[in-house]
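Dear colleague,

I am passing on the structure we spoke about, together with my notes on it. Please open it first and keep it beside you while you read.

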Amino acid sequence: VQLQAFGGGLVQAGGSLRLSCAPSGDTFTIIYWDWYRQTPGNEREFVARIDTHDVTNYADSAKGRFANSRDTAKDMIFLTMNRLKPEDTAVYYCSGRARAQRYWGQGTQVTVSS
């Protein structure tokens, strides 16, 4: 499975961005899709999850502001981020979890200015 995240950019605090993840390959093996983010010197932290039944869950920092969704026809995953804060600045990664393996894509930079 190959993953490519895109849609990041520079946005002012309070603004919105929608990240997209385009998976390819044996995506039928994926049980759920995650978004993680990472800032320099820190470990990747979980942001949001959506499974194959479209059940979602979110980190506390994302609840009420971020929304995870899928377009099964296009085989895409989206993370809509609203009311962005400077502390949301990070590289965002999409990830697919299969039974035996987790796949990571290249990240996309999100920068929120104050």
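What follows is a description of one sheet and of the salt bridges, with residue numbers so that you can check each point.

Please bear in mind throughout that this is a predicted model.

I begin with the sheet, which is open and has four strands in the order β1-β3-β8-β7, with antiparallel pairing. The edges are taken by β1 (2–6) and β7 (66–71), each of which has a single partner strand, so one side of each is left without a neighbour in the sheet. On average, and with direction ignored, neighbouring strands of this sheet are turned by 15° against each other.

Within this sheet, strand β3, residues 17–24, pairs with strand β8, residues 76–81, in the antiparallel sense and over five bridges. To follow the register, you can take leucine 17, whose bridge partner in β8 is methionine 81, and then cysteine 21, whose bridge partner in β8 is isoleucine 77. On the side of β7, six bridges join that strand to β8, and the two run antiparallel; here arginine 70 stands opposite isoleucine 77 in β8. Isoleucine 77 is thus a convenient point of reference, being the bridge partner of cysteine 21 and standing opposite arginine 70. The strands β7 and β8 form a hairpin with four residues between them, and in the turn aspartate 75 has a positive phi of about 55°. As for its surroundings, β8 is largely enclosed by the rest of the structure, because five of its six residues are buried.

I turn now to the salt bridges, of which a search of the whole structure finds seven; three are described here.

The side chain of aspartate 54 meets that of arginine 70 in a salt bridge, at 2.7 Å from N to O. This pair links distant parts of the chain, since aspartate 54 lies in the loop between β5 (45–51) and β6 (56–58) and arginine 70 in strand β7, 16 residues apart. Aspartate 54 is partly exposed, with a relative accessible area of 43%, and arginine 70 is likewise partly exposed, with a relative accessible area of 25%.

A salt bridge also joins the side chains of aspartate 88 and arginine 65, again at 2.7 Å from N to O. Here too the pair links distant parts of the chain, with aspartate 88 in the loop between β8 and β9 (90–97) and arginine 65 in the loop between β6 and β7, 23 residues apart. Aspartate 88 has a relative accessible area of 0% and is buried, while arginine 65, at 7% relative accessibility, counts as buried as well. Salt bridges that share partners join Arg37, Glu45, Arg65 and Asp88 into one network.

Within that network, the side chains of arginine 37 and glutamate 45 meet in a salt bridge at 2.6 Å, N to O. Arginine 37 is buried, with a relative accessible area of 6%, whereas glutamate 45 is partly exposed, with a relative accessible area of 37%.

With best regards

Technical notes
Residues are numbered from 1 along each chain as its sequence is written. This is a predicted model: local features need pLDDT of at least 70, side-chain atom pairs count only at pLDDT 80 or more; totals for chains, interfaces and linings use all residues. Side-chain values use heavy atoms; hydrogens and water are left out. Two strands pair if DSSP finds at least two bridges between them. Axes are lines fitted to C-alpha atoms, for helices over the stretch in contact, and angles run from 0 to 180 degrees between N-to-C directions. A salt bridge is a side-chain nitrogen of Lys or Arg within 4 Å of a carboxyl oxygen of Asp or Glu. Buried means under 20% relative accessible area, exposed over 50%, partly exposed in between (1.4 Å probe, protein chains only).
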